[in-house]
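Here is a short guided report on one protein chain, written for reading beside the model. Please keep the 3D view open as you go.

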Amino acid sequence: MKNYEKKELYNTEATTAIAENYRKIITGIGEDVTREGLEKTPERAAKAMQFLTHGYDLDPLEILKSALFTEDHSQMIVVKNIEVYSMCEHHMLPFFGKAHVAYIPNGKIVGLSKIPRIVDAYARRMQVQERLTDQIKDCIEEALQPLGVAVVIEAQHMCMQMRGIEKQNSFTTTSSFTGAFEKNKTRKEFISLISSKLS
Ligand SMILES: [Zn+2]
């Protein structure tokens, strides 16, 4: 899990307000918030929570629009194994895994590094995996108006695993396809590309 620089994205006012609530949560579970190990935990947790939800401050559509290029290329473009870290909005526990994204251009392409950035912009919010998958697809659809978009996300949910709802190491897979990817042949090509171990 590399390639993730730690960013300090929080404001003092929000940190104070969120920390105050964490203090109540810690007390509520029967802990002593004044003991040494927990003394600074409310502030730390408040900052962490702001980082984990900093996607609200990002505009994914603008991220894509800032790097559009006119190009005749009309073959499938696949960006696979994009790391996803998100937060289940039902339990406020993490889910994480990989996203695989493809599109078939229709006169416009986007800088490749922007695809992981929009995945992150949507993932760093309170989410459900299904909506995350659709939002990524819709954003690419709107910015590029391509011949088709495909998004597959495979993720492990701590709200299932840590709470013992499902067997350990079970993955949830969601997918969303438009245009050319609704055709069996194109979708199969995409699935075989993301399943191959070329990298
Ligand atoms: Zn959950």
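What follows starts with the overall layout, then turns to three helices, a pocket and a few individual residues.

**Overall layout**

Please bear in mind that this is a predicted model. The chain contains 7 helices and 7 strands. Read from the N terminus, their order is α-α-α-β-β-β-β-α-β-α-β-α-β-α. The C-alpha trace spans about 65 × 40 × 25 Å along its principal axes. Of the 199 residues, 43% count as buried. Among contacts with a separation of 6 or more, 70% join residues that are 24 or more positions apart.

**Two helices with a buried side**

Helix 1 and helix 7 can be read in the same way, and the table puts them next to each other.

| Helix | Residues | Number of residues | End-to-end C-alpha distance | Expected span | Arc of buried residues |
|---|---|---|---|---|---|
| Helix 1 | 12-28 | 17 residues | 24 Å | 24 Å | 65 degrees |
| Helix 7 | 184-195 | 12 residues | 16 Å | 16 Å | 65 degrees |

Let's take helix 1 to begin with. At 1.5 Å a residue, its 17 residues should span 24 Å, and the end C-alpha atoms are indeed 24 Å apart. Its buried residues are Thr15, Ala19, Tyr22 and Ile26. Viewed down the helix axis, these fall within an arc of 65 degrees, so they line one face of helix 1. On the face turned away from that buried side sit the exposed residues Glu13, Thr16, Lys24 and Gly28. And what do the buried residues of helix 1 pack against? Their partner is helix 2, residues 41-52.

Helix 7 is made of 12 residues and reaches 16 Å from its first C-alpha to its last, close to the 16 Å expected. Thr186, Phe190 and Ile194 are its buried residues. They cover an arc of only 65 degrees around the axis, which puts them on the same side of helix 7. Asn184, Lys185 and Lys188 are the exposed residues on the face turned away from the buried side. The buried residues of helix 7 pack against four strands: strand 2 (77-88), strand 3 (93-104), strand 6 (148-157) and strand 7 (172-177).

**An enclosed helix**

Is helix 4 largely enclosed or largely open to the outside? Of its 10 residues (114-123), 8 are buried, so helix 4 is largely enclosed by the rest of the structure. The buried ones are Lys114, Ile115, Ile118, Val119, Asp120, Ala121, Tyr122 and Ala123. Their cover includes helix 3 (60-65), helix 5 (129-144), strand 2, strand 3, strand 4 (108-110) and strand 5 (126-127).

**The second largest pocket**

Several elements from the helix 7 section come back here. The second largest pocket has a volume of about 180 Å³. Its lining has 12 residues, and Asn81, His100, Glu154, Ile194 and Lys197 lie nearest its centre. One of these, Ile194, is also among the buried residues of helix 7. Strand 2, strand 3, strand 6 and helix 7 each supply at least two residues of the lining. By class, the lining has 2 nonpolar, 6 polar and 4 charged residues.

**Two residues with positive phi**

Most residues other than glycine have a negative phi. Against that background, two residues deserve a look. Asn81, which lies in strand 2, has a phi near 60 degrees. With 35% relative accessibility, Asn81 counts as partly exposed, because that class runs between 20% and 50%. Met92 has a phi near 55 degrees and is found in the loop between strand 2 and strand 3. Met92 is partly exposed too, at a relative accessible area of 46%.

**Distances across the chain**

Two pairs of residues help to give a sense of scale. Glu39 is in the loop between helix 1 and helix 2. From Glu39 to Ala150 the C-alpha distance is 46 Å, with their positions 111 residues apart in sequence. Leaving out residues up to four places away in sequence, Glu39 touches Val33 and Thr34. Gln50 belongs to helix 2 and is buried, with a relative accessible area of 11%. The C-alpha atoms of Gln50 and Phe69 are separated by 33 Å, although the two are 19 residues apart along the chain.

Key
Residues are numbered from 1 along each chain as its sequence is written. This is a predicted model: local features need pLDDT of at least 70, side-chain atom pairs count only at pLDDT 80 or more; totals for chains, interfaces and linings use all residues. Side-chain values use heavy atoms; hydrogens and water are left out. The expected span of a helix is 1.5 Å times one less than its number of residues. Buried means under 20% relative accessible area, exposed over 50%, partly exposed in between (1.4 Å probe, protein chains only). The arc is that of the directions from the helix axis to the C-beta atoms. Contact means heavy atoms within 4.5 Å. On a 1 Å grid over the protein atoms alone, a cavity is a set of points where a 1.4 Å probe fits but cannot get out, and a pocket is an open set with protein on both sides within 12 Å along at least five of seven lines; lining residues have an atom within 4 Å of a point. Grid points are joined across faces, edges and corners, and a volume is the space filled by probe spheres set on the points. Ala, Val, Leu, Ile, Met, Phe, Trp, Tyr, Cys and Pro count as nonpolar, Asp, Glu, Lys and Arg as charged, and the others, Gly among them, as polar.
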